[in-house]
Amino acid sequence: MMLVAMMGTAMAQTADISPRRKQAIDSLALEKVKDLSKYISIIGDKKTAYSEAVRVMDRAEELFAPDSEMGVSSLSSTDINYYKVRKYFERLMALNYDKVNIKWYDIHYISDLERQPDGRYVGVITVYQRFEGTSDDGMTYKDTTKKDITIYVERKKTQISGRTIEFWDVMLGDIRVTETSA
């Protein structure tokens, strides 16, 4: 399901985003972040069949701008490692736990959309991720990570029945770890 904020012909004349359009774009951005949260839970779930996990990884990748990276941290190190989106999903699927539970909560904008010189708008959404990994031998790891997700909003064009339609689309960018705690 492709979600797009359709743009009327009056909006095609200006690059500014009306307050009503901005509200629709904000909703779309938050919806894409929530979709990513669901996808991460499915990919990380050890009960998910490999073919289903690969299908979900493909869908999740479509949410991102090219070359986006995701940060990974742990309580045992101060290092934060960044991986291309696909690599992150592959590593998540291969985690050495028998049961993995990942929940995102407290999802909200921390910076308003700001227009860039190239015409795109950029904002930041913050989320908290609760990770729990458990092995059958009783080993458990838990942490909570605060992450900042860069949001890109740009005008795109598509052909529908021979007509060119302009619309605002939202893409997720880099996901930066800002804090990790027990």
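This tour moves through a predicted model, starting in its nonpolar core and ending at residues with a positive phi.

**The core**

Begin by selecting L36, I40, F64, M70, F89, W104 and I151, which, of the 36 residues in the largest nonpolar core, touch the most other members. To see where this core draws its residues from, colour α2 (19–44), α3 (50–61), α4 (85–93), β4 (99–115), β5 (121–134), β6 (140–160) and β7 (163–181), since each of these elements supplies at least two residues. Helix α2 deserves its own colour, as α2 gives the most to this core, with 8 residues.

Next, keep W104 selected and display its surroundings. Leaving aside residues up to four places away in sequence, W104 touches V33, L36, S37 and I40, and in addition V127, Y128, Q129, I149 and I175. Two of these contacts, L36 and I40, were also in the opening selection, among the core residues that touch the most other members.

**The paired strands**

Now select β5 and β6, which run antiparallel and are joined by 14 bridges. Within this pairing, pick V122 and look across to Y152 in β6, which stands opposite V122. Then follow the chain into the hairpin of β5 and β6, where 5 residues lie between the strands and G138 takes a positive phi near 100°.

Continue by adding β7 to the selection: β6 and β7 also run antiparallel, and 16 bridges join them. Here E154 is a useful residue to pick, with D169 in β7 standing opposite E154. The hairpin that β6 and β7 form has 2 residues between the strands, and S161 in the turn has a positive phi of about 50°.

**Two aspartates with a positive phi**

Most residues other than glycine have a negative phi, which is the reason for the next two stops.

Select D67, which lies in the loop between α3 and β2 (69–74). Although D67 is not a glycine, its phi is positive, at about 65°. Is D67 buried or exposed? Its relative accessibility is 61%, so D67 counts as exposed, the cut-off for that class being over 50%.

Finish at D106, which, in contrast to a loop position, is placed in strand β4. The phi of D106 is near 50°, again a positive value in a residue other than glycine. With a relative accessible area of 44%, D106 is partly exposed, and a surface display around this residue is a suitable last view.

Note on methods. Residues are numbered from 1 along each chain as its sequence is written. This is a predicted model: local features need pLDDT of at least 70, side-chain atom pairs count only at pLDDT 80 or more; totals for chains, interfaces and linings use all residues. Side-chain values use heavy atoms; hydrogens and water are left out. A nonpolar core is a set of buried Ala, Val, Leu, Ile, Met, Phe, Trp, Tyr and Cys residues joined through side-chain atoms within 4.5 Å. Buried means under 20% relative accessible area, exposed over 50%, partly exposed in between (1.4 Å probe, protein chains only). Helices (H or I, at least four residues) and strands (E, at least two) are DSSP runs, numbered from the N terminus. Contact means heavy atoms within 4.5 Å. Two strands pair if DSSP finds at least two bridges between them.
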